[in-house]
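Me: I have a structure to go through. Please take my questions one at a time.

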Amino acid sequence: MITTDILIIGAGPTGLFTVFEAGLLKLKCHLIDALPQAGGQCSEIYPKKPIYDIPAYPEILAGDLTHKLLEQCKQFEPGFTLGERAETIDKQEDGSFIVTTNKGTKHHAPVVAIAGGLGSFEPRKPLIDNIASFEDKGVEYIIKDPEIYRDKKVVIAGGGDSALDWSIFLSDVASEVTLIHRRSEFRGHLDSVEKVQELKNQGKIKLITPAEVINVVGHHKVDAVVVKETSDKHIHKEYEIVCDHFIPLFGLSPKLGPIANWGLEIEKNAIVVNNALDYQTNIPGIYAIGDVNTYPGKLKLILCGFHEATLMCQSAYQIINPGKRYVLKYTTVAGIDGFDGTRKEAPKAVVKKID
Amino acid sequence: MMEQDINIKITDREGVIHEILAPTDMAMNLMEVVRSYEIAPEGTIGICGGMAMCASCQCYVLSDTKLPEMQDDEEAMLSEAFDVKDNSRLGCQIQMTPDMEGLEVELAPES
């Protein structure tokens, strides 16, 4: 059981800044995120895109913002449960909560802050009728352990970075890699596209375009996929490719998911909170901050998430330390004492006589 | 009706037709017009914010209105999206302009 003061669901910008604000109040945080890395949408969807409305940053790349936020909260030693989705929440008799992930990891905290953005990112599944019956029997939408493909025949479908990058990686692991895409053009980093071209020329990746996987064949496990290939003259041919694994990589889309069943008041796919006070939900002790919440006049902006996180931490302090006195301290005045023993503070003024 | 507004027709994912006025002077795209009228639920459209990176604003163009030409990133995204037809476009890549008066589109299913 992982125990912490504030359990944050979602490691995007709002969740990461919460760690900093909580740290100033000597509250420890742990974050859960369905993605394998921190940063949320900023890392998953648009790491290379610039953001222009972060105060004091005329321009910052979304990926760089994530790095800065991680650096800013580092001394407060946040814990992370990554690659797991928060599934259930159980309120304990003492008012605290136990949150369990889809992999069974349990987290115990007096305060839960949902900073889940648009929800947890789930793979987009292609519209193939019988595909569901082959899930985990040779069909995988996310590659977790590349070793399971060693010396296997693998078919990858998709035209983006993940399809390209995994084709490259698995060409050294699998016995056979076939990449199938609806078009001959791929969208990805230039070096990935060039590398796939090179591996294709060497015969290490078999490329089939423009084509689509339209069916999965097998008994209890994947034996082959049916490919529909379109030639220039609009002539289609259909044939089977024998394989052990079919990996469709069509990106991820966020879904509110299990959080929607936690008994929270939901409106327009977002969690209703009290914005006049502290961004608490209808369940005391559970807060919702950032893009995941809604209230009159809500704006889904990173900078608004930062503000919400700050007010939320003050309210969480009262739950965790009932009746304990506290006044806001400015970091410039008080400095920052990290949980790792580090201290940051303003340099002392020089007091010296001028003759 | 403001001078710069245009009439457009949007069929939502349930098949209901909405006849609405779209401003052309606020740098709005079709995805944003749909959101401003809440024709698709929040969180199901415009997920990437309008960067042609998610296809949640895919729509089928029903009228023969002249639209801006498709750029590489829109074409690439549509090649990875589902339920794509010959008349598919990403709403976020269609800026509202006065010559789009009478535009008719249908929202593609949520995916």
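**Core and contacts**

Reply: In this predicted model, Ala113(A) touches Ile6(A), Ile8(A), Thr18(A), Tyr287(A), Ile289(A) and Met312(A), leaving aside residues up to four places away in sequence.

Me: In the largest nonpolar core, which residues touch the most other members?

Reply: This core holds 49 residues. Those that touch the most other members are Ile6(A), Val112(A), Ala113(A) and Ile114(A).

Me: Which helix gives the most to this core?

Reply: The contribution to look for comes from chain A. With 7 residues in the core, the helix that gives the most is the one spanning residues 302–320, H6.

Me: How many residues are in the other core?

Reply: Another core lies apart from the one above. Its members include Ile8(B), Cys54(B), Ile94(B) and Met96(B). The number of residues in it is 33.

Me: Is strand E17 of chain A largely in the open or buried?

Reply: A residue counts as buried if 20 or more other C-beta atoms lie within 10 Å of its own. Strand E17 of chain A has 7 residues, 236–242, and the number buried is 0. The strand therefore lies largely in the open.

Me: Which residue of E17(A) stands opposite Val226(A)?

Reply: Strand E16 of chain A, residues 224–230, pairs with E17(A) in the antiparallel sense over 7 bridges. Opposite Val226(A) in E17(A) stands Glu240(A).

Me: How far apart are the C-alpha centres of domain 1 and domain 2 of chain A?

Reply: The domain assignment gives 2–121 + 253–344 as domain 1 of chain A and 131–250 as domain 2. Their C-alpha centres are apart by 37 Å.

Methods: Residues are numbered from 1 along each chain as its sequence is written. Chains are lettered from A and ligands numbered from 1 in the order in which they are written. This is a predicted model: local features need pLDDT of at least 70, side-chain atom pairs count only at pLDDT 80 or more; totals for chains, interfaces and linings use all residues. Domain bounds come from an automatic or database domain assignment. A nonpolar core is a set of buried Ala, Val, Leu, Ile, Met, Phe, Trp, Tyr and Cys residues joined through C-beta atoms within 7 Å. A residue is buried if 20 or more other C-beta atoms lie within 10 Å of its own, exposed if 12 or fewer, and partly exposed in between; C-beta atoms are placed from the backbone. Helices (H or I, at least four residues) and strands (E, at least two) are DSSP runs, numbered from the N terminus. Two residues are in contact if their C-beta atoms, placed from the backbone, lie within 7 Å. Two strands pair if DSSP finds at least two bridges between them.
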